[in-house]
Amino acid sequence: MKLRIAPSPTGNLHIGNARTALFNWLYARANNGEFLVRIDDTDKERSSEEYEKNIIENLKWLGLDWDEGIEVGGSEGSYKQSSRFDRYIEVAEEFENNGLAYREEGALRFKVPEEGEIKFQDIVRGSMSFNLNDVEDFVILRSDNSPTYHLASTVDDVDYGITLVARGEDILSSTPKHILLINALQAPLPDFCHLPLLFGPDGKKLSKRHGDTSVSAYKDKGVISEALFNYMCLLGWAPGNDLEIFDKQIAIEKFDLNNVLPNPAIFDTKKLLWMNGQYIRDLKDGDFEKSFIESIQDSISRELFEQEINRLKKIKHAVQERLETLNDINEQVKFLLDEPFEVNSKDWESVNTNEGQEYMKNVRNKFMSTKSFKLNEIEEIMRSELEQLNIKPKIGFQITRVAITGTKISPPLFESIYALGKENTIARMGESIEDL
RNA sequence: GGCCCCGUCGUCCAGAGGCCUAGGACGCUGGGUUUUCAACCCAGAAACGCCGGUUCGAAUCCGGUCGGGGCUGCCA
């Protein structure tokens with residue numbers, strides 16, 4: 001069994017193509033088959049190396065690998081259509097010589113029989129039948145003698161020995177043309193599988209008009225690859241038993257193209273983000289720390305100082321539990337960085353009370369006389385002072401939170417204070433105590 | 001317009017004639033926990049597009065209809 005994907009480098013790797021790649025990859029891996037990646041760049045105008053790079057990079061980022069094709073090589077050369085024009089032209093001219101194609105205004109058209117039917121079995125849709133009456137003669141070589149997609153793609157599938165063509169449903173109606181070409185090449189027909197399309201929230205084919213729907217855009221938003229991988233698996237397929245969170249291994253074990261749904265799926269960012277949060281929480285300590293530090297450095301566009309990193313490490317676990325994406329990190333930890341610190345005045349007004357002031361003053365004094373400033377020590381001081389003054393946690397804690405983090409929303413208070421450190425905490429509390 | 005595909009909660013999926021007074025997940029609403037925010041727990045609202053047929057029995061099979069989508073390029 002040999003499957004392939006053939007992305008056109010006319011844009012970054014799109015979520016829809018990534019899902020198609022994923023299903024091809026899963027099926028190949030599930031059946032000990034081969035997976036091939038080639039680049040369909042017959043459209044010289046719209047193709048670019050930058051996009052090609054993006055596609056390859058993001059396939060890898062998703063954890064997909066391939067056995068033959070672009071970058072990894074194989075017996076068929078570059079696996080780029082732009083370098084195989086001679087081959088396509090050779091085939092096209094043979095068709096022309098055999099009377100299977102004819103010239104029209106310079107372009108070469110493949111002659112579709114007037115009568116007859118093309119039938120094939122589609123793995124997700126069952127019996128398909130097209131009346132050749134409805135299929136027009138189609139261009140296989142443009143006036144500039146460059147091959148079109150139909151020709152190049154079909155010749156490649158034949159030359160590379162593809163046995164199962166699984167692609168988007170948008171090409172379903174082109175399949176009769178491809179079958180005609182394969183027959184003309186006197187080659188065996190592969191199996192066909194037309195995967196349901198991915199839609200945007202408006203129920204239309206996912207595309208640029210839905211915003212940036214590239215894989216790299218989601219990566220940039222702080223989505224981790226395992227989460228996107230898992231989420232995409234669920235678009236048109238499920239492993240059964242209501243299982244929703246699963247890894248690559250399980251996906252490979254359970255995956256079967258025969259169980260893929262024929263109906264389109266809407267790409268729902270909300271569920272992706274939820275799943276991403278689940279995955280982030282599950283990240284191993286070292287993996288999370290790496291992403292944690294990198295994400296902050298990306299946000300502030302500079303390297304972190306050692307002091308900052310030491311502070312950040314103390315809060316990382318608390319932050320890990322509170323993320324939807326990696327990009328949410330900086331907002332939660334910026335009070336720990338050596339950056340200008342500011343207290344949100346609206347938040348301050350809503351928590352600043354006389355009781356709170358007194359509480360902070362007393363706590364600050366006790367903080368000053370502690371030596372170790374350990375987490376449990378901080379908690380003990382803050383809780384016992386609450387009892388001393390007989391005030392509610394909210395009164396004492398919220399004012400302190402705003403004073404040291406700048407806002408009413410932050411990681412857990414004791415951890416935040418612990419991470420910030422004794423000197424900084426005392427200084428910030430001092431700034432907010434009115435009669436000091 | 002023509003050809004083709006599709007049709008279970010708002011969304012993703014379960015359901016392959018009786019186990020369905022339709023199940024899970026996201027989201028949403030209410031409640032609990034709580035120092036904020038999350039997380040977590042509990043509860044709730046929420047769907048078989050419609051009409052016929054087959055059958056003792058249909059979300060499941062068939063037909064029609066309506067609705068949505070794709071293709072209809074010298075794009076892929």
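Tutor: Contact here means heavy atoms within 4.5 Å, and we shall apply that cut-off to a predicted model.

Student: With which residues is methionine 382 in contact, leaving aside its neighbours within four places in sequence?

Tutor: Methionine 382 is in contact with Tyr359, Val363, Phe367, Phe397, Thr400, Leu413, Phe414 and Ile417, and because contact means heavy atoms within 4.5 Å, each of these residues has a heavy atom within that distance of methionine 382.

Student: What makes Met382 a member of a nonpolar core?

Tutor: A nonpolar core takes in buried residues of certain kinds, Met and Phe among them, joined through side-chain atoms within 4.5 Å, and buried means under 20% relative accessible area. Met382 belongs to the largest such core, which has 96 residues, and therefore Met382 must be buried and joined in this way. Together with Leu26, Leu257, Phe292 and Phe367, Met382 touches the most other members. Helix 1, residues 15-30, gives the most to this core, with 9 residues.

Student: Which residues belong to the other core, apart from this one?

Tutor: That other core has 33 residues, among them Phe85, Tyr88, Phe138 and Leu180. In soluble globular proteins, nonpolar side chains tend to be buried together.

Student: How do you know whether chain A matches a compact globule of 436 residues?

Tutor: Such a globule would have a radius of gyration near 22 Å, but chain A has 30 Å, so by the globule rule, which is taken over C-alpha atoms, chain A does not match. The C-alpha atoms fill a box of roughly 100 × 45 × 35 Å along the principal axes, while buried residues make up 50% of the chain.

Student: Why is the largest pocket called a pocket, and what is its volume?

Tutor: A pocket is an open set of grid points with protein on both sides along at least five of seven lines, whereas in a cavity the probe cannot get out; the largest pocket therefore counts as open, and has a volume of about 1200 Å³. Of its 43 lining residues, Ser8, Thr10, His14, Asn17 and Asp170 are the closest to its centre. Helix 1 gives the largest share of the lining, 5 residues.

Student: How do the lining residues of the largest pocket divide by class?

Tutor: They divide into 14 nonpolar, 17 polar and 12 charged. The second largest pocket, with about 440 Å³ of space, has 5 nonpolar, 6 polar and 7 charged residues in its lining. Helix 10 gives the most to that lining, with 7 residues.

Definitions and conventions. Residues are numbered from 1 along each chain as its sequence is written. Chains are lettered from A and ligands numbered from 1 in the order in which they are written. This is a predicted model: local features need pLDDT of at least 70, side-chain atom pairs count only at pLDDT 80 or more; totals for chains, interfaces and linings use all residues. Side-chain values use heavy atoms; hydrogens and water are left out. Buried means under 20% relative accessible area, exposed over 50%, partly exposed in between (1.4 Å probe, protein chains only). Helices (H or I, at least four residues) and strands (E, at least two) are DSSP runs, numbered from the N terminus. On a 1 Å grid over the protein atoms alone, a cavity is a set of points where a 1.4 Å probe fits but cannot get out, and a pocket is an open set with protein on both sides within 12 Å along at least five of seven lines; lining residues have an atom within 4 Å of a point. Grid points are joined across faces, edges and corners, and a volume is the space filled by probe spheres set on the points. Ala, Val, Leu, Ile, Met, Phe, Trp, Tyr, Cys and Pro count as nonpolar, Asp, Glu, Lys and Arg as charged, and the others, Gly among them, as polar. The radius of gyration is taken over C-alpha atoms; the globule rule is 2.2 Å times the number of residues to the power 0.38.
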